[in-house]
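Here are a few notes from going through the model, in no strict order. Have a look at the structure alongside them.

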Amino acid sequence: MDRHVTWYLSEKGKPKACYERFVYNKKETSKSDPTVDFYVCERKRKDHCSGRLHLRGNTVLKSSEHNHAPDACRQNVLKVVDSIKRQASTTEETTMMIIASQCTGVSEVTAASLPTERALKRQIQRTRNRNGRVPPLPASLEDLNIPDDYKTFDDGELFLLHDSGPGSQRILIFSTHENLMLLSESQHWFADGTFKVAPSLFHQLYTIHCCCQGLMMPVVFALLPGKTTAVYRRVLQVHNTIILFSMISVRVIFIIFIIFMTFSTPY
Ligand SMILES: [Zn+2]
């Protein structure tokens with residue numbers, strides 16, 4: 001039996017104390033002795049457990065009986081989640097890499113009790129946001145390095161469908177499979193270039209809208225380095241990639257090309 005106090009962070013970042021395979025949340029600091037903290041069993045509300053722990057630092061002054069058995073699995077789950085959060089705050093690895101590396105080798109019982117993959121991904125993103133680990137703004141398009149977390153949604157679906165690669169004439173195209181299918185089914189399309197809201201490194205944010213149940217919806221977002229014919233020609237070159245990810249018809253891609261060409265200006 002582990003008679004040492006082990007500490008983990010809750011999902012909200014608050015400390016949880018584990019002692020003899022019971023898990024406790026902090027309730028309050030003793031009013032008569034500010035060096036002593038009172039903890040209550042984390043199953044107090046759920047199972048009406050009255051188990052308590054009195055600590056001075058890591059020294060156990062008092063522990064009381066619980067109305068349930070100790071739960072080693074719960075501590076293992078906290079351990080895995082804690083490790084995931086630590087890795088998230090100290091590395092630039094993708095959410096999937098972190099989850100895979102920390103969940104490999106855990107027992108089936110622990111794995112079955114872990115939060116869902118979606119919830120773990122949210123934990124990682126929250127940890128990184130809390131620690132200010134949002135990537136700094138790059139100085140140029142050559143320096144722009146997009147972390148994998150920014151290329152996909154939480155469920156792993158691609159959002160960045162095309163990146164032409166480092167260079168001053170970089171093009172990024174964002175959409176989803178569902179959006180492209182809506183586009184392919186819509187009878188009317190509307191395209192526009194917006195310059196004011198484009199990130200400073202790009203010349204314009206080019207959007208394509210379609211009609212869906214009477215509503216106008218933006219469905220494709222392209223960050224472009226200019227508004228010349230050459231830029232729009234390069235956009236056309238990605239059609240194979242878009243087809244690959246969306247299974248959208250060549251006819252639709254051709255219409256996209258026509259729209260880009262219509263709004264282009266000469267070299
Ligand atoms: Zn308890």
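Does His48 count as buried or exposed, and how many C-beta neighbours does His48 have inside 10 Å?

1. First, that question, with the reminder that this is a predicted model. His48 comes out as exposed, because there are just 9 C-beta neighbours inside 10 Å and the cut-off for exposed is 12 or fewer. You'll find His48 in the loop between α1 (44-47) and β5 (52-56). The backbone there deserves a glance too: His48 is not a glycine, yet has a positive phi of about 55°.

2. Arg21 belongs in the next note. It is not a glycine either, and its phi is positive, about 65°. Arg21 sits in the loop between β2 (15-19) and β3 (22-29). As for surroundings, Arg21 has 17 other C-beta atoms within 10 Å, so it is partly exposed.

3. On to the helix pair α3 (residues 95-103) and α5 (residues 117-130). Their axes come within 10 Å and cross at roughly 115°, which means α3 is roughly perpendicular to α5. If you care about the hand, the crossing of α3 and α5 is right-handed. From α3, the contact uses Thr95, Ile98 and Ile99; from α5, Glu117, Leu120, Lys121 and Ile124. Sorted by class, that α3 and α5 contact has 4 nonpolar residues, 1 polar and 2 charged.

4. Which residues of α3 are buried? Thr95, Ile98, Ile99 and Gln102 are. They lie on the same side of α3, because they cover an arc of only 95° around the axis. What they pack against is α2 (72-90) as well as α5. After α3 comes Gly105, where phi is positive and near 90°.

5. Last one: Leu9, which is in strand β1 (residues 6-9). Leu9 has 16 C-beta neighbours inside 10 Å and therefore counts as partly exposed. Leaving out residues up to four places away in sequence, Leu9 touches Lys14, Pro15, Asp82 and Lys85. How far apart in space are Leu9 and Lys79, C-alpha to C-alpha? The separation is 9.0 Å, with their positions 70 residues apart in sequence.

Technical notes:
Residues are numbered from 1 along each chain as its sequence is written. This is a predicted model: local features need pLDDT of at least 70, side-chain atom pairs count only at pLDDT 80 or more; totals for chains, interfaces and linings use all residues. Helices (H or I, at least four residues) and strands (E, at least two) are DSSP runs, numbered from the N terminus. A residue is buried if 20 or more other C-beta atoms lie within 10 Å of its own, exposed if 12 or fewer, and partly exposed in between; C-beta atoms are placed from the backbone. Two residues are in contact if their C-beta atoms, placed from the backbone, lie within 7 Å. Axes are lines fitted to C-alpha atoms, for helices over the stretch in contact, and angles run from 0 to 180 degrees between N-to-C directions. Angles under 35 degrees count as roughly parallel, over 145 as roughly antiparallel, 65 to 115 as roughly perpendicular and the rest as oblique. A crossing is left-handed if the near helix is turned anticlockwise from the far one by less than a right angle, and right-handed if clockwise. Ala, Val, Leu, Ile, Met, Phe, Trp, Tyr, Cys and Pro count as nonpolar, Asp, Glu, Lys and Arg as charged, and the others, Gly among them, as polar. The arc is that of the directions from the helix axis to the C-beta atoms.
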